[in-house]
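Here are some notes for anyone opening this one for the first time. Have the structure in view and go through them in order.

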Amino acid sequence: MADDLCFFTKDSFILKSPKKSPLVLRMVVLLFVMVCGVYIFLICLRQISTSSTPDFFNIGVIQKPCPEPNIEPWEIPYVHYPNPKTYSRAECACNPVRYFAIMSMQRSGSGWFETLLNNHTNISSNGEIFSVKVRRSNVSTIFETLDKIYSLDWVSSASKNECSAAVGLKWMLNQGLMKHHKEIVEYFNTRGVSAIFLFRRNLLRRMISILANSYDRDAKLLNGTHKSHVHSPLEAEILASYKPVINATLLIPDLRQVEETTKKALEYFNSTRHIVIYYEDVVKNRTVRSKLLEEADLLLCLILLS
């Protein structure tokens with residue numbers, strides 16, 4: 001009876017686990033691959049966002065370089081191709097431009113000389129720009145002004161077209177030029193600016209001109225107006241009617257001071273490319289004046305004067 005009750009064998013208690021479905025395994029593998037793919041994609045996306053813009057987004061127009069100018073090798077640093085911010089030079093983009101600065105003292109003929117240069121179609125001398133004190137208040141403002149002039153962005157009555165062959169300004173020695181001479185010399189040498197020193201040989205006549213101009217500021221002999229520069233023989237005759245009185249005691253010291261200032265200026269700017277011109281020489285030499293008006297290249301004009 002007992003044997004009948006215990007009819008279960010040993011093998012009857014062995015439980016076999018059911019077979020796993022292949023579909024479940026495939027789903028697990030697929031899910032794992034998807035998670036890895038998303039992770040890798042996020043890493044790549046983060047690297048792209050932090051890196052610079054790919055090259056295929058920076059597609060620009062490749063400009064054809066300007067041909068080499070037919071000049072001497074030593075002259076290359078003084079030939080420029082400015083790119084104005086306010087307009088395009090268009091077909092004149094490859095026209096070389098020279099930079100210059102007329103450095104002088106008041107009543108030395110700089111206005112007349114600048115007018116002579118501006119009579120040429122492609123030469124622009126923008127006047128006594130640093131007569132405005134704020135433009136020469138410090139070196140930074142001086143450099144900002146010079147950069148604007150030499151990039152052809154300065155607008156004045158003397159400004160020519162985009163095909164200007166030479167651009168510059170008139171700069172008096174007492175307008176920050178001597179005070180910041182070290183920085184300005186470095187600027188001239190770095191940017192390839194040619195300096196034109198214009199002085200008067202007859203310092204006594206210059207002194208008389210200063211006194212007469214000072215008197216006319218108050219007297220206003222020309223129909224109640226003051227003119228620093230006359231434009232007709234009649235105006236010159238009217239202003240010449242005033243005979244200033246010179247202080248004989250201060251005459252010699254004043255003339256020596258002018259000579260010292262001139263000497264210092266030439267010493268300070270000795271390392272720049274420069275030329276010294278005297279007003280009397282240009283006025284008397286008609287050949288020089290005609291050459292200045294005929295030549296489009298300002299530096300060739302200066303070579304003729306040297």
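The points below start with the whole chain and then go through its parts.

1. First, a word on what you are looking at: this is a predicted model. The chain has 306 residues, and 34% of them count as buried. Its secondary structure adds up to 12 helices and 5 strands. If you look at contacts with a separation of 6 or more, 74% of them are between residues 24 or more positions apart.

2. I'd go to the largest nonpolar core next, which has 34 residues. Met103, Tyr150, Leu169, Trp171 and Phe188 are the ones with the most contacts inside this core. Two or more residues each come from the strands β1 (98–104), β3 (166–172) and β4 (193–199), and from the helices α4 (139–150), α5 (173–177), α6 (181–191), α7 and α9. As background, nonpolar side chains in soluble globular proteins tend to be buried together.

3. Which residues does Met103 contact, leaving aside neighbours within four places in sequence? Click on Met103 and you should find Trp171, Leu173, Leu177, Phe188, Ala195, Ile196, Phe197, Leu198 and Phe269 in contact with it. Trp171 and Phe188 appear in that list, and both are also among the residues with the most contacts inside the core.

4. Another core, of 12 residues, lies apart from the largest one. Ile102, Leu116, Leu117 and Ile275 are among its members.

5. Now for the helix pair α7 and α9. Two packed helices are described by the angle between their axes and the distance between the axes. Here helix α7 (residues 203–219) packs with helix α9 (residues 248–268) at an angle of about 105°, and the axes are 10 Å apart. The range for roughly perpendicular is 65 to 115 degrees, so α7 and α9 are roughly perpendicular to each other.

6. What does the contact between α7 and α9 consist of? From α7 come Leu203, Leu204, Arg206 and Met207, and from α9 come Leu251, Asp254, Leu255, Val258 and Glu259. By type, the contact has 6 nonpolar residues, no polar ones and 3 charged ones.

7. Ile246 belongs with this picture, though it sits in the loop between α8 and α9. Setting aside neighbours within four places in sequence, Ile246 is in contact with Leu204, Met207, Ile208, Leu211 and Leu251. Of these, Leu204, Met207 and Leu251 also take part in the contact of α7 with α9. The C-alpha atoms of Ile246 and Ile208 are 7.8 Å apart in space, with their positions 38 residues apart in sequence. Ile246 is partly exposed, at a relative accessible area of 27%.

8. Ser209 is also in α7. Is Ser209 buried or exposed? Its relative accessibility is 18%, and the cut-off for buried is under 20%, so Ser209 counts as buried. Not counting residues up to four places away in sequence, Ser209 touches Arg107 and Arg200.

9. Take a look at the loop between α7 and α8 (233–240) as well, where Lys220 is found. Phi of Lys220 is near 50°, which is a positive value in a residue other than glycine. Asn223, in the loop between α7 and α8 too, has a positive phi of about 55° and is not a glycine either. How do they sit relative to the surface? Lys220 is partly exposed, with a relative accessible area of 35%, whereas Asn223 is exposed, at 80%.

10. There is 1 disulfide, and it joins Cys92 to Cys163, with an S to S distance of 1.5 Å. Cys92 is in the loop between α2 (22–50) and β1, while Cys163 is in the loop between α4 and β3, so the pair links distant parts of the chain, 71 residues apart. Cys92 is buried, with a relative accessible area of 3%.

11. Last, two serines in the loop between α4 and β3. Ser164 is placed there and counts as buried at 2% relative accessibility. Ser164 touches Arg89, Pro96, Val97, Asn122 and Ser124, not counting residues up to four places away in sequence. Ser156 is in the loop between α4 and β3 as well, but is partly exposed, with a relative accessible area of 25%. Ser156 and Ile129 are 27 residues apart along the chain, and their C-alpha atoms are separated by 9.8 Å.

Conventions. Residues are numbered from 1 along each chain as its sequence is written. This is a predicted model: local features need pLDDT of at least 70, side-chain atom pairs count only at pLDDT 80 or more; totals for chains, interfaces and linings use all residues. Side-chain values use heavy atoms; hydrogens and water are left out. Axes are lines fitted to C-alpha atoms, for helices over the stretch in contact, and angles run from 0 to 180 degrees between N-to-C directions. Helices (H or I, at least four residues) and strands (E, at least two) are DSSP runs, numbered from the N terminus. Angles under 35 degrees count as roughly parallel, over 145 as roughly antiparallel, 65 to 115 as roughly perpendicular and the rest as oblique. Contact means heavy atoms within 4.5 Å. Ala, Val, Leu, Ile, Met, Phe, Trp, Tyr, Cys and Pro count as nonpolar, Asp, Glu, Lys and Arg as charged, and the others, Gly among them, as polar. A nonpolar core is a set of buried Ala, Val, Leu, Ile, Met, Phe, Trp, Tyr and Cys residues joined through side-chain atoms within 4.5 Å. Buried means under 20% relative accessible area, exposed over 50%, partly exposed in between (1.4 Å probe, protein chains only). A disulfide is a pair of cysteine sulfur atoms within 2.5 Å.
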